[in-house]
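Please look through the sequence and the structure shown here before reading on. The report then takes up a few features one after another.

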Amino acid sequence: MTADKTASTGTNSAIVADYRARTGGSGALFERARKVLPSGITHDARYLDPYSIHVSRAAGPRKWDVDGNEYVDYFGGHGAMLLGHSHPAVIEAVKRQIELGTHYGSSHELEVRWAELVCELIPSAEKVRFTASGTEASHMAIRLARAHTGKDKIVRFVGHFHGWHDAVAGGATSHYDGSSPPGVAQGVTDLSILMPTDDVGAVVHLLESRDDIAVVMFEPSGASWGQVPLPPGFVQAIRDVTARRGIVMLMDEVITGFRWSSGGAQKALGVTPDLCILAKIVAGGLPGGAVAGKREILDQIDFAVSAARKRDKISHPGTFNANPLSAAAAVTALSLVRDEDLAEKANRTAAELRAALREVLIQESVPWGIYGQSSTFLIYPNPTGEKVDPATFEPLKYGFAKLKGARSGPLTGKIRMGLMSHGVDVMGAPGGFVSATHGGAEIERTVHALRQTVRALKAEREVKAA
């Protein structure tokens with residue numbers, strides 16, 4: 001194997017050289033892509049230096065790139081594919097619908113059935129409004145909360161991601177100090193009060209001491225699907241104080257919805273918010289999102305109710321709201337989630353995977369951590385050189401700055417490329433999502449890939465044994 005000096009590391013790396021050698025077709029596509037797409041990609045999370053793979057097909061827990069390499073897939077459509085890729089029932093439903101029409105510009109029966117399933121499964125869902133994405137749902141939910149309360153301020157939490165619109169951009173993936181990212185007016189950012197999650201007492205005090213707060217929004221997993229888990233009791237404490245103060249509690253279930261349980265994190269935790277936002281799994285892996293919650297809040301979009309109460313109706317158009325293809329996929333997928341214990345199956349497999357990966361780190365004396373909730377797993381590659389025992393790793397001891405704030409960089413890229421060279425594709429955390437189709441064979445391959453990757457990193461002196 002020949003070494004190759006790359007922008008990823010600034011050094012000769014056998015890991016990067018091997019990745020390049022296996023993915024020449026993706027490299028060629030990247031050269032085309034970067035001429036017409038910023039950075040050659042269409043989603044920030046797909047960025048990888050020197051380039052990311054280009055996938056040609058996917059089925060169940062696996063996918064194949066344009067070079068013919070097979071991967072155990074933990075991207076999972078950014079968390080959307082709880083059922084695995086190309087589930088036969090979903091494919092058949094979409095095929096059937098595409099012959100009937102892709103966009104009526106009219107109401108249709110599938111959107112009604114879709115809404116009925118959301119209301120059946122999600123505890124807070126008395127009514128639902130569909131959107132074309134999770135970001136749109138986030139935007140709409142904030143508007144609903146402000147209109148409902150007549151107040152303007154949003155309480156959000158450092159590192160919690162709620163889409164890319166202006167109101168939630170600062171403090172999600174950068175600008176944790178409350179300043180505005182480029183292109184976002186500081187006046188918009190200032191409408192948010194950004195809080196840490198490690199002291200729920202301070203959050204409760206804030207909510208009790210101010211009268212201008214419309215909504216508290218958060219990921220019930222903790223920041224970025226659990227990279228920074230919430231302390232025990234956090235969600236219930238927020239529910240208690242928001243109920244006392246008449247503040248809307250908005251739970252971002254874009255990832256946790258139907259994954260933490262068939263009724264989302266709110267069912268798993270036994271805490272019902274006023275509003276929640278959904279996307280990913282809610283549309284069966286096709287584009288789509290939703291706002292669900294209390295009738296009196298959602299009725300601000302209702303023509304008749306708004307007229308009867310002599311108030312302005314919140315306007316909500318959207319060309320692709322509940323489009324028939326997404327609705328067909330969604331009805332099929334949510335019916336399967338309801339009937340086949342899929343969330344629980346994925347959760348069990350993920351727990352087995354986390355245990356097996358942890359054992360690799362112990363055996364290889366690598367001072368990293370393995371953690372995660374529900375059907376997720378995360379690798380803590382110890383970017384700041386802490387004294388970490390993988391057998392007893394507790395993420396809450398390390399805080400936001402280490403768990404999320406210092407995660408990106410050349411080491412993470414090498415981990416991902418090393419795993420891909422052994423047939424495993426993970427997200428940039430690094431970590432990923434387990435589907436209901438993952439099983440023993442996928443765990444075995446992932447264990448082998450991690451073992452070979454950490455050995456290669458030791459050889460390149462990126463990792464020192466504990």
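The sections below describe a strand, its aromatic contact, other ring contacts and a pocket in this predicted model.

## Strand β7 and its partners

Strand β7, which covers residues 153-157, is mostly covered, since four of its five residues are buried. It runs parallel to strand β9 (residues 213-218), to which three bridges join it, and within this pairing Lys-153 has Ile-213 as its bridge partner. Strand β7 also pairs in the parallel sense with strand β8 (residues 192-195), here over four bridges, and Val-155 is matched with Ile-193 in that strand.

## An aromatic pair from β7

The structure holds twelve aromatic pairs. In one of them, Phe-157 and Phe-234 meet edge-to-face, with 5.3 Å from centre to centre and 75° between the planes. This pair links distant parts of the chain, because Phe-157 belongs to strand β7 and Phe-234 to helix α10 (residues 234-245), 77 residues apart. Phe-157 counts as buried because its relative accessible area is 0%, and Phe-234 is likewise buried, at 1%.

## Other ring contacts

Ring pairs also link Tyr-371, Tyr-380, Phe-393 and Tyr-398 into a cluster. Elsewhere, Arg-57 lies over the face of Trp-64, at 3.9 Å from the ring centre, while Lys-313 lies over the face of Phe-303, at 4.5 Å from the ring centre.

## The second largest pocket

The second largest pocket has a volume of about 480 Å³. Its lining is made up of 19 residues, and those closest to its centre are Arg-46, Ile-53, His-54, Val-55 and Lys-63. The lining divides into seven nonpolar, seven polar and five charged residues, and β3 (55-59), α3 (76-79) and α17 (410-421) each supply at least two of its residues.

Methods
Residues are numbered from 1 along each chain as its sequence is written. This is a predicted model: local features need pLDDT of at least 70, side-chain atom pairs count only at pLDDT 80 or more; totals for chains, interfaces and linings use all residues. Side-chain values use heavy atoms; hydrogens and water are left out. Buried means under 20% relative accessible area, exposed over 50%, partly exposed in between (1.4 Å probe, protein chains only). Two strands pair if DSSP finds at least two bridges between them. On a 1 Å grid over the protein atoms alone, a cavity is a set of points where a 1.4 Å probe fits but cannot get out, and a pocket is an open set with protein on both sides within 12 Å along at least five of seven lines; lining residues have an atom within 4 Å of a point. Grid points are joined across faces, edges and corners, and a volume is the space filled by probe spheres set on the points. Ala, Val, Leu, Ile, Met, Phe, Trp, Tyr, Cys and Pro count as nonpolar, Asp, Glu, Lys and Arg as charged, and the others, Gly among them, as polar. Rings of Phe, Tyr and Trp (its six-membered ring) pair if their centres lie within 6.5 Å; planes under 30 degrees apart count as stacked, over 60 as edge-to-face and the rest as tilted. A charge sits over a ring if NZ of Lys or CZ of Arg is within 6 Å of the ring centre and within 35 degrees of the ring normal.
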